[in-house]
Amino acid sequence: NAGTGGGPGEEPPNEEESPNEEEPPNEEEPPGEDDTPPPTNPDPGPVDCNVLPPASPLEGWAGVAGNGVATTTGGGNATPIVVTTLAQLQTAVAGTAPAVIHVRGRLTPGDINVGSNKTIVGTCGAEIRGHVEIREAVNVIVRNVTIVGYGEGDCSLDPGFDSSVGCSSGDDAVIIQRNSHHVWFDHVAVRDGSDGNLDITNGANFVTISWTKFSYTPRTDNVG
């Protein structure tokens, strides 16, 4: 019989039930694999402001012996003082007694004059605002904090601003000067200083600035 593909009386093989064909494995349930869904990340809970990020290893000039100082240790192992206002910070950083100061929150703008043997550490998004000056001071550490100058987007906000001079009439956000030595800034964000963001000048020495960012907010004033 032409066109049947077989001899008389033969039936074609059943293609749906081929005796030599195996069923493919179930890809949705591979043998030996656990189909339990992966666990979700647990809620970390509120941030503990008393747990500080570890300090980085000190590198650079602040770790070099000189001027009678072996290295930069800041306030050392002094019991931490927590400050939440500008006035508290100004008091805590004054003088030469060793002190470890934990700054919390966003402080109002002002002038902060840092004395010797101080460690300043920011916690929970701390912002120091205004002008930070390290003058004739020794052995100072500042880390994990944001420092915002007076001229945030507008130099005329600086108390010392003179329109006939321009932004340079105002203050730096940070200045290290007048023979200060063994000063270490680490993991700090500095921005919007009217004159500049961070100056090291007038005989300052043995200074390390590590892992620190500098930036400016877009200006809204018309002065230079």
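Accessible areas here come from the Shrake-Rupley method with a 1.4 Å probe. With that in hand, welcome to this predicted model, in which the protein exposes about 13,500 Å². Carbon and sulfur atoms supply 49% of that exposed area. Here is a short tour, from the overall layout down to one pair of rings.

**Overall layout**
- The protein is built with one helix and 10 strands.
- Following the sequence from start to end, you meet these elements in the pattern β-α-β-β-β-β-β-β-β-β-β.

**Burial and contacts**
- The protein has 224 residues, and 38% of them are buried.
- Take the contacts between residues at least 6 apart in sequence: 54% of these join residues at least 24 apart.

**A pair of aromatic rings**
- Searching the whole structure turns up one aromatic pair.
- Its partners are Trp 61 and Phe 206, whose rings sit 6.2 Å centre to centre.
- The angle between the planes is 75°, and the pair is edge-to-face, because planes over 60 degrees apart count that way.
- This pair links distant parts of the chain, with its two residues 145 residues apart.
- Trp 61 lies in the segment before strand E1 (81-83), while Phe 206 belongs to strand E9 (residues 205-210).

**Buried or exposed?**
- Trp 61 has a relative accessible area of 55%, so this residue is exposed, the cut-off being over 50%.
- Phe 206 has 11% relative accessibility and therefore counts as buried, since buried means under 20%.
- The aromatic pair thus brings together an exposed residue, Trp 61, and a buried one, Phe 206.

Terms used. Residues are numbered from 1 along each chain as its sequence is written. This is a predicted model: local features need pLDDT of at least 70, side-chain atom pairs count only at pLDDT 80 or more; totals for chains, interfaces and linings use all residues. Side-chain values use heavy atoms; hydrogens and water are left out. Helices (H or I, at least four residues) and strands (E, at least two) are DSSP runs, numbered from the N terminus. Buried means under 20% relative accessible area, exposed over 50%, partly exposed in between (1.4 Å probe, protein chains only). Contact means heavy atoms within 4.5 Å. Rings of Phe, Tyr and Trp (its six-membered ring) pair if their centres lie within 6.5 Å; planes under 30 degrees apart count as stacked, over 60 as edge-to-face and the rest as tilted.
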